[in-house]
Structures are given as C-alpha cells and as structure tokens.
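Here's a walk through one protein chain, going strand by strand and ring by ring. Have the viewer open and follow along.

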Amino acid sequence: MTQYGDSHLAHTGSCLCGQVRVTARGALRGVVFCHCSQCRKQTGLYYAATEVADDQLSAEGAENVSWYEASAFAKRGFCKMCGSALFWKAVQSDVTSVMAGLFDQPSGLEPAMHIFTADKGDFYEIADDLPQHERSSDDVPVAPV
C-alpha cells in the first residue's frame, strides 16, 4: 500500500506469475466471501474480493487478462499466463470486484461478509462471526434469480 498525497492510497498487487499488476486507488470495500457454485468451481473454494471503481483501477499487463462470460449478467477475468483469478465484473457496471489475494501485504483490507452461503461447499464450515447471507446483501450486486 502506497500513500499518494494527503489521503489517496494506492493498493498494488499482481497475479501469481506477475504478468498482470493491478493498482487500485482510494479506499477499498471490505472483503466479501462468495460461496456460490461458480466461484467454488473457478477457485476450488470461494472468492474473497473487494470492489474498486473502474476509474480508480488500472492493470499493467492488461493484454494478459482473459475474460470469460460466466453468465449474461457477469464476466470473470483471469491471467491467461498463470490462470490466477483476478476480477469479477457485472455487465454495465462501473465497479470491478478484485480478488483480495492479489494485493501486496500489508493490504489494509478487512473482512465484511459471506454471500451465497446456501450454496457453499459441504466440505467446510464458516467459522467466523461475519454476517452471512443465503444469497447476497443489498450492497453487493449479483446475478438475478
């Protein structure tokens, strides 16, 4: 995390191979843990993501990002070199979910909530006191039912 000027933070990070480097300026949303089946199938467990306004997000090596249209509602971005999950983006949204694990330490990120808990894998338990939502909360855009 780098300080720019008085109050402009820049959070930096990368994919596993380093071919994609991200910079997010400004405050980041708390980390949302998504337990939906798509997130589980892509990562093997669940997504842990923050959210960044598109005009505050940049990606060096963007030519190495491949986008997969996971549904008519959203697409998922990953590094085409190493396969790291990078982004989740709702169609026609001006914000992008960025995987929390990409950010360099210390990230300054704080956990916020669990979503799609009704769809979580049967091989683990959620063992913290964060809010849990069977589907989502009003603050987190998700695919329509």
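## Strand S9 and its neighbours

Let's start with S9, a strand that is mostly covered: six of its six residues are buried. On one side it pairs with strand S8 (residues 74-79), running antiparallel, with five bridges joining the two. If you want a register check for that pairing, Arg-76 stands opposite Trp-88 in S9. The S8 and S9 hairpin leaves five residues between the strands, and Gly-83 there takes a positive phi near 85 degrees.

S9 also pairs with S10, again in the antiparallel sense, this time over two bridges. Here Phe-87 is the residue that stands opposite Val-98 in S10. S9 and S10 form a hairpin too, with four residues between them.

## How far to trust it

Before going further: this is a predicted model. The mean pLDDT of the protein is 90, and 89% of its residues reach 70 or more. The part to watch is residues 1-7, where pLDDT stays under 50. The model does have 13 contacts beyond four places in sequence for that stretch. Where pLDDT is low, though, the predicted coordinates should not be read in detail.

## Backbone oddities

Which peptide bond is cis? That's the one from Gln-105 to Pro-106, with omega near -5 degrees. Pro-106 sits in the loop between strand S10 (95-99) and S11.

Two residues other than glycine are worth a look for positive phi. Gln-92 has phi near 60 degrees, and its place is the loop between strand S9 (85-90) and S10. Gln-92 counts as exposed because its relative accessibility is 82%, over the 50% cut-off. Phe-116 has phi near 55 degrees and is found in the segment after S11. Phe-116, by contrast with an exposed residue, counts as buried because its relative accessible area is 17%, under the 20% limit.

## Aromatic pairs

How many aromatic pairs does a search of the whole structure find? The count is five. One of them is Tyr-46 with Tyr-124, a tilted pair at 5.8 Å centre to centre, with 40 degrees between the planes. That pair links distant parts of the chain, 78 residues apart: Tyr-46 is in the loop between helix H1 (37-43) and strand S5 (47-53), while Tyr-124 is in the segment after S11. Tyr-46 is partly exposed at 28% relative accessibility, whereas Tyr-124 is buried, at 12%.

Next comes Trp-67 with Phe-87, which is stacked: 5.7 Å centre to centre and 15 degrees between the planes. Trp-67 lies in strand S7 (residues 65-69) and Phe-87 in strand S9, so this pair ties together parts that are 20 residues apart in sequence. Trp-67 is partly exposed, with a relative accessible area of 37%, but Phe-87 is buried at 5%.

## A cluster, and lysines over rings

Tyr-46 and Tyr-124 also turn up in a group: together with Phe-33 and Phe-123 they form one aromatic cluster.

Which lysine lies over the face of Tyr-124? It's Lys-120, at 4.6 Å from the ring centre. Trp-67 has a lysine over its face as well: Lys-75, at 4.6 Å from the ring centre.

## Two buried polar residues

Is Asn-64 buried or exposed? Asn-64 is buried, because its relative accessible area is 10%, under the 20% limit. You'll find Asn-64 in the loop between strand S6 (57-60) and S7. Leaving out residues up to four places away in sequence, Asn-64 touches Gln-19, Val-20, Phe-78, Cys-79, Lys-80 and Met-81. Lys-80 is 16 residues from Asn-64 in sequence, yet the two are 5.5 Å apart C-alpha to C-alpha.

Thr-117 is buried as well, with a relative accessible area of 15%. Thr-117 is in the segment after strand S11 (111-115). With residues up to four places away left out again, Thr-117 touches His-35, Ile-126, Gln-132, His-133 and Glu-134.

Terms used: Residues numbered from 1 in each chain as written. Predicted model: local features only at pLDDT ≥ 70, side-chain atom pairs only at ≥ 80, totals over all residues. Heavy atoms only, no water. Buried < 20%, exposed > 50% of the residue type's maximum accessible area, 1.4 Å probe, protein only. Contact = heavy atoms within 4.5 Å. Phe/Tyr/Trp six-rings, centres within 6.5 Å; stacked < 30°, edge-to-face > 60°. Lys NZ or Arg CZ within 6 Å of the ring centre and 35° of its normal. pLDDT = per-residue confidence, 0-100. Pairing = 2+ DSSP bridges.
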